[in-house]
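Biologist: Could you take me slowly through one part of this model, the charged side chains and the partners they meet? I would like to see how each pairing sits in the fold around it.

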Amino acid sequence: MVVKIIKVFPLVEREWTDRNGQTQIFKSKGILFFDGNSYYGEALQEKAIEFDDMDLQTGEVAIIDCECKARSYKDSKGIERITNEITIKHICRLWK
């Protein structure tokens, strides 16, 4: 989809422990974009680093390929909730 970039968030790195007790680093980069509706999507791991290196800026126009899916989870009270997640797979900058 062709979008206008509204805001680019900094690369975030968070430590977590896998099932084998090993410390891992989870990387993500958030982007708020607009195509008539506004969306928040995240690039994960290697893609987060790749897109951070692109130095995307507010106001740029790009083609974004993303994966959208719903995920269910239980909140702290045990109530089932559903959230939408947008994972950014590819970005092609069109112009600044």
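Modeller: A salt bridge is a side-chain nitrogen of Lys or Arg within 4 Å of a carboxyl oxygen of Asp or Glu. Please keep in mind that this is a predicted model. By that definition the structure holds seven salt bridges, and one of them joins the side chains of Arg 81 and Asp 75, with N and O 3.1 Å apart. Arg 81 has a relative accessibility of 39% and counts as partly exposed, and Asp 75, at 21%, is also partly exposed, because buried means under 20% relative accessible area.

Salt bridges that share partners also join Glu 67, Lys 69 and Lys 89 into one network. Within this network, the closest N and O atoms of Lys 89 and Glu 67 are 3.4 Å apart. The pair links distant parts of the chain, since Lys 89 belongs to strand 6 and Glu 67 to strand 5, with their positions 22 residues apart in the numbering. Lys 89 is partly exposed, with a relative accessible area of 31%, and Glu 67 is partly exposed at 32%.

A further salt bridge, between Lys 47 and Glu 50, has an N to O distance of 3.4 Å. These two residues are three apart in helix 1, so about one helical turn separates them. Lys 47 is partly exposed, with a relative accessible area of 26%, while Glu 50 is partly exposed at 39%.

Lys 29, in strand 3, which covers residues 23-34, is a buried residue, with a relative accessible area of 4%. Its side chain makes a polar contact of 2.9 Å with the side chain of Asp 52. Leaving aside neighbours within four places in sequence, Lys 29 is in contact with residues including Val 8, Phe 9, Pro 10, Leu 11, Ala 48 and Phe 51.

Strand 3 also leads us to the nonpolar part of the model. The largest nonpolar core has 14 residues, and those with the most contacts inside it are Ile 31, Phe 33, Ile 64, Ile 88 and Ile 91. At least two residues of this core come from each of strand 1, strand 3, helix 1, strand 5 and strand 6. Phe 33, again leaving aside neighbours within four places in sequence, is in contact with residues that include Val 3, Ile 5, Tyr 39, Ile 64 and Ile 88.

Methods: Residues numbered from 1 in each chain as written. Predicted model: local features only at pLDDT ≥ 70, side-chain atom pairs only at ≥ 80, totals over all residues. Heavy atoms only, no water. Helix = DSSP H or I, 4+ residues; strand = E, 2+ residues; numbered from the N terminus. Buried < 20%, exposed > 50% of the residue type's maximum accessible area, 1.4 Å probe, protein only. Polar contact = N/O pair within 3.5 Å; in protein donor to acceptor, adjacent residues only side chain to side chain. Contact = heavy atoms within 4.5 Å. Core = buried A, V, L, I, M, F, W, Y, C linked by side-chain atoms within 4.5 Å.
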